[in-house]
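Let's take a walk through this structure together, one stop at a time. Have the model open beside you and follow along.

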Amino acid sequence: MIKNCQAVWKNCLEIIKEEVQEQSFKTWFEPIKPVKLEDNILTIEVPTPFFYEWLEEHYVYILKKAIDAELGEEGKLEYSIVVDKGDADHQPFTLNVRNSKPAGSKPLVSNAQQNGNSDIASHINGQAINGQSAQVSKKRVKSPFDLPETALEHFDSQLNPVYTFDNYIEGDCNRLARSAGYAIAKKPGITAFNPLVMYGGVGLGKTHLAQAIGNEIKANFQDKLVLYVTSDQFTTQFIEALRNNNVQNFTNFYLNVDVLIIDDIQFLAGKDKTQENFFHIFNRLHQSGRQIIMTSDRVPKSMQGLHERLLSRFKWGLTADIQVPDYETRVAIVQAKMSNEGVEVPNEVIEYLARNVDSNIRELEGVLISLIANASFMRKDIDLELAKTTLLNIFRTTEKEITIEFIQQVVADYFKLSVDELVSKTRKKDIATARQIAMYFSQQYTDMPLKMIGDRFGGRDHSTVVHASKKVIEKNDNDAIYRKIINELTEMMQVGN
Ligand code: ADP
Ligand code: MG
């Protein structure tokens with residue numbers, strides 16, 4: 001006889017009814033809807049995440065008894081948790097979580113204790129919670145959205161205290177973002193700047209400002225949970241949670257946060273599932289007046305691979321750009337950094353540096369550090385002459401010519417291939433990938449025309465080179481492992497030269 005889910009669940013309810021009080025039965029079991037029965041797995045829909053947690057904490061053994069009776073020892077139960085009911089504008093969002101059916105019939109530690117929020121907290125806030133699981137279990141949460149007290153005490157914001165407002169120089173280039181950030185730090189979640197999205201090129205101070213806001217909020221409100229994560233960390237944690245059937249805990253952990261700072265959201269592009277989860281977390285946090293701060297390396301609306309519905313949420317708050325600092329701001333930055341290091345520098349040197357290093361602040365900092373190092377190495381005061389030689393040396397190294405031979409050798413070595421294999425006709429995936437990367441670097445680092453680059457890669461035409469570069473850029477945008485490879489190779493190109 002083919003069993004259907006309604007009939008099976010009806011029988012389960014008969015068994016459960018015998019075991020629980022009437023009021024509890026009405027509250028916790030009547031609202032459940034059976035959804036499907038497949039491969040001996042019964043899926044039941046529960047109306048909220050809280051329901052799921054409650055059932056797992058209080059009724060896991062009764063559920064097991066019912067499932068065993070209906071589907072046998074091998075039978076399993078899965079929850080379909082309605083996290084967001086949806087409305088005319090967006091689809092409902094549900095999560096499917098397998099019930100971790102206990103082996104025995106007598107509880108030693110409740111399933112929810114083993115599986116509770118502390119798990120995910122210890123993943124994210126590793127060192128803070130490790131070794132305290134027993135304690136955490138005892139103080140088991142009353143609602144899934146409360147973190148155990150021990151977790152609160154040891155909550156690691158992942159903020160670097162070095163980044164503050166005090167050492168963030170204000171200029172026209174960052175005024176809007178900075179003042180919005182300052183307002184947020186006074187009243188997180190309450191201003192109109194929620195979310196705050198700050199965008200701008202590399203090295204212009206997005207991370208510094210985002211962290212400064214976080215540090216300031218922590219100083220102003222000791223009891224607020226502030227969390228800084230990069231979108232890469234968020235993605236990795238989410239994937240791990242998926243793998244361990246732990247998405248619910250992952251989500252709950254994030255729902256506890258009062259201020260969520262998520263850096264470099266452009267890396268969420270193309271990661272559909274992660275975005276979906278982030279979208280849900282975003283909505284829930286925003287609804288309950290928590291502050292969200294994001295940074296991106298480009299203006300959100302031109303971020304390809306990010307869902308429209310997520311982008312449209314950004315418009316609820318403020319999107320502020322951070323631009324390349326003008327000359328006056330660069331002067332102020334050099335002055336501040338030098339005096340911070342306790343180094344006295346003549347004005348003409350400050351002006352010289354501010355005039356000549358105009359791309360980004362990270363580079364400017366690099367130059368200042370080299371200059372200080374050179375001065376102490378040569379036991380000289382910092383003067384214009386030393387500044388000039390330092391700059392010249394830095395530019396000379398970066399502009400030294402990189403040849404195609406060099407690029408091919410570095411890439412071949414990296415992938416443990418010979419250069420002959422690299423430029424051969426073979427379409428073996430590994431070799432083809434390495435070849436694309438080498439073509440991309442050749443296009444980036446040499447002035448050679450595309451046709452000539454193609455020639456040097458076994459007589460390929462220029463469109464192959466264009467295609468290769470496009471592919472590399474795409475993969476670099478969407479794949480963290482690939483990006484790591486490209487970053488490592490980039491470093492090798494520069495160091496090895
Ligand atoms: P981004 O995240 O935009 O790539 P960062 O925030 O990492 O840039 O900034 C790069 C470096 O420049 C950091 O060391 C930071 O402290 C410094 N920096 C950036 N903007 C400022 C500023 N306005 N004042 C002082 N230092 C700054
Ligand atoms: Mg950054």
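Glu 405 is a good place to begin: its relative accessibility is 44%, so it counts as partly exposed, falling between the 20% and 50% cut-offs. Keep in mind as you look that this is a predicted model. The side chain of Glu 405 meets that of Arg 456 in a salt bridge, with 1.9 Å from N to O. This pair links distant parts of the chain, since Glu 405 sits in helix α20 (residues 404-414) and Arg 456 in helix α23 (residues 450-456), 51 residues apart. And what about the partner? Arg 456 has 31% relative accessibility, so it too counts as partly exposed.

How many salt bridges does the structure hold? There are 13. Some of them share partners, and in this way Glu 170, Asp 172, Arg 175 and Arg 178 are joined into one network.

Now turn to another salt bridge, the one between Arg 483 and Asp 232, where the closest N and O atoms are 3.1 Å apart. Here again distant parts of the chain are linked: Arg 483 belongs to helix α25 (residues 480-496) and Asp 232 to helix α12 (residues 231-243), with their positions 251 residues apart. Are the two partners buried or exposed? Arg 483 has a relative accessible area of 7%, which is under 20%, so it is buried. Asp 232, at 24%, is partly exposed because its value lies above that cut-off and below 50%.

Stay with helix α12 for a moment, as Gln 237 is found there too. Gln 237 has a relative accessible area of 15% and is therefore buried, the limit being 20%. Its side chain has a partner: a polar contact of 2.6 Å joins Gln 237 to the side chain of Tyr 254.

Helix α4 (residues 60-71) offers a salt bridge within one helix. Lys 64 pairs with Asp 68, their closest N and O atoms being 3.0 Å apart. The two residues are four apart in the chain, about one turn of the helix. Both Lys 64 and Asp 68 are buried. Glu 70 has its place in helix α4 as well. With 18% relative accessibility, Glu 70 counts as buried because it is under the 20% limit. The side chain of Glu 70 makes a polar contact of 3.1 Å with the side chain of Asn 11.

Next, look for the largest pocket, which has a volume of about 970 Å³. It is lined by 34 residues, and the closest to its centre are Tyr 163, Gly 203, Gly 205, Arg 362 and Glu 365. Which elements give two or more residues to this lining? They are α11 (206-220), α16 (327-340), α18 (361-378), α24 (462-478) and α25. Helix α25 is the one that holds Arg 483. The most comes from α18, which gives six residues. Sorted by class, the lining has 14 nonpolar, 10 polar and 10 charged residues.

Ligand 1 is our next stop. It is surrounded by 17 residues, the closest being Gly 203, Lys 206, Thr 207, His 208 and Glu 365. Gly 203 and Glu 365 are also among the residues closest to the centre of the largest pocket. Which atoms come together here? A nitrogen atom of ligand 1 lies 2.8 Å from a backbone N or O atom of Ile 169. On the oxygen side, one atom of ligand 1 is 3.3 Å from a polar backbone atom of Leu 204. An oxygen atom of ligand 1 is also 2.8 Å from an N or O atom in the side chain of Lys 206.

Finally, let's look at the backbone itself. Most residues other than glycine have a negative phi, and most peptide bonds are trans. Against that background, the peptide bond from Asn 194 to Pro 195 is cis, with omega near 5°. Pro 195 lies in the loop between α10 (175-186) and β5 (196-199). Asp 264 has a positive phi, near 60°, and is found in the loop between β7 (259-263) and α14 (272-287). Arg 379 is not a glycine either, yet its phi is positive at about 50°. Arg 379 has its place in the loop between α18 and α19 (384-399). With a relative accessible area of 78%, Arg 379 is over the 50% cut-off and therefore exposed.

Methods:
Residues are numbered from 1 along each chain as its sequence is written. Chains are lettered from A and ligands numbered from 1 in the order in which they are written. This is a predicted model: local features need pLDDT of at least 70, side-chain atom pairs count only at pLDDT 80 or more; totals for chains, interfaces and linings use all residues. Side-chain values use heavy atoms; hydrogens and water are left out. A salt bridge is a side-chain nitrogen of Lys or Arg within 4 Å of a carboxyl oxygen of Asp or Glu. Buried means under 20% relative accessible area, exposed over 50%, partly exposed in between (1.4 Å probe, protein chains only). On a 1 Å grid over the protein atoms alone, a cavity is a set of points where a 1.4 Å probe fits but cannot get out, and a pocket is an open set with protein on both sides within 12 Å along at least five of seven lines; lining residues have an atom within 4 Å of a point. Grid points are joined across faces, edges and corners, and a volume is the space filled by probe spheres set on the points. Ala, Val, Leu, Ile, Met, Phe, Trp, Tyr, Cys and Pro count as nonpolar, Asp, Glu, Lys and Arg as charged, and the others, Gly among them, as polar. A residue is near a molecule or strand if one of its heavy atoms lies within 4 Å of it. A polar contact is a pair of N or O atoms within 3.5 Å; within protein, one must be able to donate a hydrogen and the other to accept it, and residues adjacent in sequence count only if both atoms are side-chain atoms.
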